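The following note is offered to a colleague who is meeting this structure for the first time. It proceeds by numbered points, each of which may be checked against the model.

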Amino acid sequence: MTNIQSVFTQTSVTSVNMTSPFLSVPMMPPIKVTVPGVLKLLKSLNPNKACDPDNIGPRLLRELSEQITSPLTTIFQQSLHDGIVPEDWRKANITPVFKKGQKYQCSNYRPISLTCVVSKLMEHVVRSSIMNHANMHNILYPLQHGFLARRSCKTQLIDLVNDIANNMQSGLQTDICVLDFVKAFDKVSHIHLIHKLCWYGIMGEVNHWKNNFLRDCIHRVFLESASSDKVPVASGVPQGSVLGPCLFLFYINDIAVGLSSTVRLFADDTMLYLTV
């Protein structure tokens, strides 16, 4: 766990740049949690998924969906209104997933968070509202292909190959720079993220809720039958969560500002290219 904890970014309030290259957009309306919406989420749970840190599995929640929909809707709405995320929702068990390189090196593993199932349902509600707001006002960078509907790594590659092929047919050279940011999800500054969300009109109750969602999170690593000590999370968005990838898109949304090159993104995987 010490190795995973070492990638966290410590950011002071005084280091936040209170200017933004973007104009503010209309404020996102308050989120209204509905009984039919929560029931739909409960019915869509995969019963074969793992239990959460509280040992409450999706099978149980799905089987009792008719009985628990109404109280869950009340809890979700009250959580948003108060801007408070229950403590149990901010606990996660980390599963190390091998990425590449030598298997004995901890840095070659991706930390995937196993969080509370009920918390994930709440994250679905918040994410849906945030993405509707982003789509309505065309907030997200148009060449971003990660974690978006009808976009994928394939669509990004097709667009890139098309641009290169057109340049070749015109006898032009294309210079390409491929970037991969190390531990990008784990290094997201919570302070900078909340500040950016405000500029995109995501303010009020939902921003207070997200601030509480990111703060004071507790993680511990599970490997077979062994577990690490619990440690606080100083930065980053949870990989394996519902809301984490969405928040990351807003965090890097201004990455192409000021660049003359074409910048194509799949989350943090970046390709910059310029016709010479």
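1. A definition is needed at the outset: a residue is called exposed when its relative accessible area is over 50%, buried when it is under 20%, and partly exposed in between. It should also be stated that this is a predicted model. With these terms in hand, helix α6 may be considered: Lys154, Ile158, Met168 and Gln169 are exposed on one side of α6, the other side from its buried residues.

2. Which residues of α6 are buried? They are Gln156, Leu160 and Asn167. These three cover an arc of only 30° around the axis, and therefore lie on the same side of α6. As general background, an α-helix has 3.6 residues a turn, so residues three or four places apart point the same way. The buried residues of α6 pack against β3, β7 (262-266) and β8 (269-275).

3. The length of α6 is as expected. At 1.5 Å a residue, its 17 residues should span 24 Å, and the end C-alpha atoms are 24 Å apart, which agrees. The N-terminal end of α6 is capped by Ser152, with a side-chain oxygen 3.2 Å from the backbone nitrogen of Lys154. Just after α6, Gly171 adopts a positive phi of about 75°.

4. Helix α5 may be treated in the same manner. For its 20 residues, a rise of 1.5 Å a residue gives an expected span of 28 Å; the end C-alpha atoms are 29 Å apart, which agrees. The buried residues of α5 include Val117, Leu121, Val125, Ile130 and Ala134, and polar ones such as Ser119, Glu123 and His133 are also among them. The elements that cover the buried residues of α5 include α2 (35-43), α3 (58-63), α4 (65-82), β2, α8 (204-214) and α9 (243-251). Just after α5, Asn138 has a positive phi of about 50°.

5. Two further backbone angles merit attention. Most residues other than glycine have a negative phi. Phe147, in the loop between α5 and α6, nevertheless has a positive phi of about 60° although it is not a glycine. Ala267, in the loop between β7 and β8, likewise has a positive phi, near 60°. Ala267 has a relative accessibility of 4% and therefore counts as buried.

6. How many aromatic pairs does the structure hold? There are seven. One of them is formed by Phe98 and Tyr109, whose ring centres are 5.4 Å apart with 65° between the planes, an edge-to-face arrangement. This pair links distant parts of the chain, as Phe98 belongs to strand β1 (residues 91-98) and Tyr109 to strand β2 (residues 109-115), eleven residues apart. Phe98 has a relative accessible area of 33% and is therefore partly exposed. Tyr109, at 21% relative accessibility, is also partly exposed.

7. A second edge-to-face pair joins Phe147 and Phe185, at 6.1 Å centre to centre and 80° between the planes. Phe147 lies in the loop between α5 (117-136) and α6 (153-169), while Phe185 lies in the loop between β3 (174-179) and α7 (190-199); the two are 38 residues apart, and the pair links distant parts of the chain. Are these two rings buried or exposed? Phe147 is partly exposed, with a relative accessible area of 34%, whereas Phe185 counts as buried because its relative accessibility is 10%. Ring pairs also link Phe147 and Phe185 with Phe248 and Phe266 in a cluster.

8. Lysine side chains lie over two aromatic rings. Lys103 lies over the face of Phe98, at 5.3 Å from the ring centre. Over the ring of Tyr251 sits the charged end of Lys196, 4.9 Å from the ring centre.

9. Lys183, in the loop between β3 and α7, concludes this note. Lys183 has a relative accessible area of 22% and is therefore partly exposed. Which backbone oxygen does the side chain of Lys183 reach? It is that of Tyr109, at 3.3 Å. Tyr109 thus appears both in this contact and in the aromatic pair with Phe98. By contrast, Lys183 and Asn138 lie 28 Å apart in space, C-alpha to C-alpha, and 45 residues apart in sequence.

Methods
Residues numbered from 1 in each chain as written. Predicted model: local features only at pLDDT ≥ 70, side-chain atom pairs only at ≥ 80, totals over all residues. Heavy atoms only, no water. Phe/Tyr/Trp six-rings, centres within 6.5 Å; stacked < 30°, edge-to-face > 60°. Helix = DSSP H or I, 4+ residues; strand = E, 2+ residues; numbered from the N terminus. Buried < 20%, exposed > 50% of the residue type's maximum accessible area, 1.4 Å probe, protein only. Lys NZ or Arg CZ within 6 Å of the ring centre and 35° of its normal. Polar contact = N/O pair within 3.5 Å; in protein donor to acceptor, adjacent residues only side chain to side chain. Expected span 1.5 Å × (residues − 1). Arc of directions from axis to C-beta. Contact = heavy atoms within 4.5 Å.
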